[in-house]
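I opened the file to look up how its parts meet. My notes follow in the order I made them.

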Amino acid sequence: MLDDATPLFTQIAQRLAEEIADGALAEGERVPSTNELAAYYRINPATAAKGLGVLTDDGLLEKRRGIGMFVAPGARGRLLDERRRRFTERYVQPLVAEAGRLGIDPDELVALIRQASHTPGGITL
Amino acid sequence: MTATITVSGLTRRYRHHLALDDVGLTVDGPSITGLVGRNGAGKTTLLRIVAAQELPTAGRVLVFGASPIENDAVLRRMVFVREDQTFPDIKVRDALKAASWFHPHWCGELAETLIGEFDLPTDRAIKRLSRGMRSALSIVIGLAARAEVTLFDEPYAGLDAVARRLFYDRLLAEYAEHPRTVLLSTHLIDEVAGLLERVVMIDRGRVVLDAAADDIRGEWTTVSGPSAAVEQLVAGRPTRGRRRIASQESVIVAGALDDIDHLRARELHLRVEPLSLQQVVVQASNPAAEEPNDRTHA
């Protein structure tokens with residue numbers, strides 16, 4: 001369920017952030033508690049708490065005393081902005097760089113992207 | 001503040017064998033710490049001395065700030081579950097009753113639930129139980145005691161994977177509801193990796209690694225693919241366990257790989273696999289394996 005590459009608390013934070021970005025966890029909705037996360041992922045409760053802490057520090061979750069943690073207003077929008085920025089960095093920039101090396105000019109690249117997105121079973125974003 | 005467990009300068013010498021060599025360890029507050037290492041490394045000796053079932057040659061152990069030796073007030077706040085625990089010739093039910101008298105926080109309800117889950121026959125004599133059932137009984141006592149200091153020394157002899165899973169899940173649930181200081185000695189590291197906050201590794205009687213489990217994760221990576229490309233990626237980094245076949249090679253590199261490294265690895269068509277906690281521990285038990293990295297860029 002979890003991998004060996006990154007600290008477990010980071011993975012917990014990432015999973016929850018993904019669910020918020022996808023809308024699976026709506027703004028204002030209660031997120032699983034430390035103990036629920038610990039039991040589900042079979043991890044130490046302290047690790048689960050640390051994962052929740054990352055999102056709280058980023059202002060994506062807010063604590064309501066005695067009730068639990070909830071998705072903060074505006075969390076989804078901020079996560080999507082962040083994802084778009086990363087998309088450019090991770091995919092668009094390397095794509096443009098590699099295209100340049102192959103002598104594909106920007107117009108040609110755009111045409112290729114259009115073509116791929118019109119091909120059934122092709123790229124879906 | 002007094003730490004829950006303080007071990008300092010602990011040495012235990014048997015006639016020709018140094019089982020513990022100047023071991024220091026502090027555990028404070030509720031946590032689950034994994035005590036790992038090869039068989040015969042000294043894990044059991046350490047736990048036995050912490051539980052006052054054995055005396056050290058030198059050094060000392062304090063539990064709740066006091067020596068546990070013949071100290072009933074301290075011993076009642078601890079439970080020690082040994083590998084292959086031996087019991088007097090009594091029935092399962094009687095062993096549970098005796099444990100309930102000794103441990104002040106004993107939870108009879110939990111014991112009943114666990115007895116059912118592990119399918120233990122309460123009216124059977126313990127000597128008629130299988131090895132796995134005896135382990136299960138010890139685990140039930142270890143969890144139901146709800147002792148502030150809970151020591152498990154490879155408690156799963158004869159238990160199959162399903163029963164071990166049950167043990168880990170119940171340990172986690174119990175710990176979440178009633179936090180306590182747990183020391184769990186094991187060599188099945190990957191099975192419990194997620195449960196551990198801290199990993200203490202003992203090798204030939206010495207502590208060779210003591211770190212937060214999260215700090216260990218991702219610290220070592222296996223890189224494999226065409227030799228020239230592997231060398232290009234790992235140049236300048238500490239490496240271990242280099243293996244070659246024909247033009248292919250596989251090497252373990254220290255230090256986490258960042259995004260740039262991963263991009264380069266992809267460009268070079270290299271496979272990158274993080275080491276599991278278990279594999280990291282194998283590396284840590286073999287420090288001599290470090291290789292000089294004087295190779296130039298390929």
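Before placing any residue, I fixed one term: helices and strands here are DSSP runs, numbered from the N terminus, with at least two residues for a strand. The model is predicted, which I keep in mind for every entry.

**Entry 1. Leu209 of chain B**

I looked up Leu209(B) and found it in strand β9 of chain B, residues 206–212. Next I listed its contacts, leaving aside neighbours within four places in sequence. Leu209(B) touches Val199(B), Val200(B), Met201(B), Ile216(B) and Ala284(B). I also checked a pair distant in sequence. Val36(B) is 173 residues from Leu209(B) along the chain, yet their C-alpha atoms are separated by 9.4 Å.

**Entry 2. The two domains of chain B**

I took the domain assignment next. Chain B splits into domain 1 (5–215) and domain 2 (220–289). I read 36 Å between their C-alpha centres. Domain 1 of chain B puts 12 residues into the contact, and domain 2 of chain B puts in 6. The two bury about 770 Å² between them, with 70% of it on carbon and sulfur atoms.

I asked which three residues supply the most of the area that domain 1 of chain B buries against domain 2 of chain B. They are Ile189(B), Asp190(B) and Met201(B), with 51%. Met201(B) is also on the contact list of Leu209(B).

I then counted the polar features. I found 0 salt bridges across this interface. Residue pairs in polar contact number 4, both partners being at pLDDT 80 or more. On the domain 1 side, the elements giving two or more residues are α7 (189–192), β8 (198–203) and β9 of chain B. Of these, β8(B) gives the most, with 3 residues. By type, that side has 9 nonpolar residues, 1 polar and 2 charged.

**Entry 3. The two domains of chain A**

I repeated the check on chain A. The assignment gives domain 1 (8–73) and domain 2 (76–118). Their C-alpha centres are 31 Å apart. In this contact, 10 residues of domain 1 of chain A meet 6 residues of domain 2 of chain A. The buried area is about 680 Å², and carbon and sulfur atoms give 51% of it.

How many salt bridges link domain 1 and domain 2 of chain A? I count 1 salt bridge. I identified a salt bridge between the side chains of Asp22(A) and Arg83(A), at 3.3 Å from N to O. The side of domain 1 of chain A that touches domain 2 of chain A divides into 4 nonpolar, 2 polar and 4 charged residues. I also count 4 residue pairs in polar contact between these domains, both at pLDDT 80 or more.

**Entry 4. Chain A against chain B**

I moved to the interface between the chains. Chain A brings 17 residues to the contact and chain B brings 18. About 1,500 Å² is buried, of which carbon and sulfur atoms give 51%. Asp4(A), Arg42(A) and Asn44(A) supply 43% of what chain A buries here, more than any other three residues.

I count 2 salt bridges between the chains. One side-chain pair I looked up is Arg42(A) with Asp169(B), a salt bridge at 2.8 Å, N to O. There are also 5 residue pairs in polar contact across the interface, both at pLDDT 80 or more. On chain A's side, α1 (8–21), α2 (34–41) and α3 (45–57) each give two or more residues. The most come from α3(A), with 4 residues. The chain A side divides into 8 nonpolar, 4 polar and 5 charged residues.

**Entry 5. Two threonines of chain B**

I looked up Thr11(B) in strand β1, residues 5–14. Buried or exposed? Thr11(B) counts as buried because its relative accessibility is 14%, and the cut-off is under 20%. Its side chain reaches the backbone nitrogen of Asp22(B) at 3.1 Å. Among the contacts of Thr11(B) beyond four places in sequence are Leu18(B), Leu20(B), Pro56(B) and Ala58(B).

Thr239(B) is in strand β11, residues 239–245. Thr239(B) is at 0% relative accessibility, so it counts as buried. I read 26 Å between the C-alpha atoms of Thr239(B) and Gly205(B), which are 34 residues apart along the chain.

**Entry 6. The ends of α10 in chain B**

Last, I checked helix α10 of chain B, residues 259–267. At its start, a side-chain oxygen of Asp258(B) comes to within 3.2 Å of the backbone nitrogen of Ile260(B). Just after α10(B), His269(B) has a positive phi of about 60°.

Definitions and conventions. Residues are numbered from 1 along each chain as its sequence is written. Chains are lettered from A and ligands numbered from 1 in the order in which they are written. Side-chain values use heavy atoms; hydrogens and water are left out. Domain bounds come from an automatic or database domain assignment. Contact means heavy atoms within 4.5 Å. Buried area is the accessible area (1.4 Å probe) that two parts lose on being put together, summed over both. A salt bridge is a side-chain nitrogen of Lys or Arg within 4 Å of a carboxyl oxygen of Asp or Glu. A polar contact is a pair of N or O atoms within 3.5 Å; within protein, one must be able to donate a hydrogen and the other to accept it, and residues adjacent in sequence count only if both atoms are side-chain atoms. Ala, Val, Leu, Ile, Met, Phe, Trp, Tyr, Cys and Pro count as nonpolar, Asp, Glu, Lys and Arg as charged, and the others, Gly among them, as polar. Buried means under 20% relative accessible area, exposed over 50%, partly exposed in between (1.4 Å probe, protein chains only).
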